[in-house]
Amino acid sequence: MQQGLTQVALNMLREGIDLALVVKLTGLTLERVKNLQASDADDSQILIKDFLELSETSLNNIWLDPEEDEAWKDL
């Protein structure tokens, strides 16, 4: 039950609902809701960083060297 309420609170925070209302509706403590908000921001930053690194690596793996690139233009 607690995990479900935590997820509901996290979803509400992502939607921009006021902290006080999240606390009231979920019954979680204000401190717990603030911690959720902080950890969600940290998680988002980690995901963005990982995505950018993965994208750059993937592009480097598939990027054609200039000679191959010129050859494809003729097709």
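Which residues does T26 touch, not counting residues up to four places away in sequence? In this predicted model, the answer is L5, V8, A9 and M12. The surroundings of T26 make a good way into the structure, and a short overview helps to set the scene.

The protein has 4 helices and 0 strands, and along the sequence the pattern reads α-α-α-α. Of its 75 residues, 15% count as buried. The accessible surface comes to about 6,300 Å², and carbon and sulfur atoms hold 58% of that area. Among contacts in the protein with a separation of 6 or more, 24% join residues 24 or more positions apart.

A word on confidence belongs here. The mean pLDDT of the protein is 75, with 55% of the residues reaching 70 or more. Confidence is highest in helix α2, at a mean of 88, and lowest in helix α4 (residues 66-73), at 63. Where pLDDT is low, the predicted coordinates should not be read in detail.

Helix α2 spans residues 19-26, and its start and the stretch just after it both show local detail. At the start of the helix, a side-chain oxygen of D18 comes to within 3.2 Å of the backbone nitrogen of A20. Just after α2, G27 adopts a positive phi of about 80°.

T26 itself lies in helix α2. With a relative accessibility of 7%, T26 falls under the 20% cut-off and therefore counts as buried. The side chain of T26 has polar partners in the backbone. A polar atom of this side chain lies 2.7 Å from the backbone oxygen of V22, and the side chain of T26 also reaches the backbone nitrogen of L28, at 3.3 Å.

L28 sits in the loop between α2 and α3. L28 counts as buried because its relative accessibility is 5%. Although L28 and L5 are 23 residues apart along the chain, their C-alpha atoms are separated by 7.8 Å.

L28 is also part of the largest nonpolar core, which has 7 residues: A9, M12, L13, V22, L28, V33 and L36. Two elements, α1 and α3 (30-62), give two or more residues each to this core. The largest share, 3 residues, comes from α1. Two of the core residues, A9 and M12, are also among the residues that T26 touches. For V33, the residues touched, leaving out those up to four places away in sequence, are L13, L19, V22, V23 and L28. Of these, L13, V22 and L28 belong to the core as well.

What, then, of T6, and is this residue buried or exposed? T6 is placed in helix α1 (residues 2-14). Its relative accessibility is 14%, so T6 counts as buried. Beyond its neighbours within four places in sequence, T6 is in contact with L28, R32 and L36. L28 and L36 are both members of the largest nonpolar core.

Taken together, these details come back to L28 several times. This loop residue is reached through its backbone nitrogen by the side chain of T26, and is in contact with T6 and with V33.

Terms used. Residues are numbered from 1 along each chain as its sequence is written. Side-chain values use heavy atoms; hydrogens and water are left out. Buried means under 20% relative accessible area, exposed over 50%, partly exposed in between (1.4 Å probe, protein chains only). Contact means heavy atoms within 4.5 Å. A polar contact is a pair of N or O atoms within 3.5 Å; within protein, one must be able to donate a hydrogen and the other to accept it, and residues adjacent in sequence count only if both atoms are side-chain atoms. Accessible areas come from the Shrake-Rupley method with a 1.4 Å probe; for residues, only the protein chains shown count as cover. A nonpolar core is a set of buried Ala, Val, Leu, Ile, Met, Phe, Trp, Tyr and Cys residues joined through side-chain atoms within 4.5 Å. pLDDT is the predictor's confidence in each residue, from 0 to 100.
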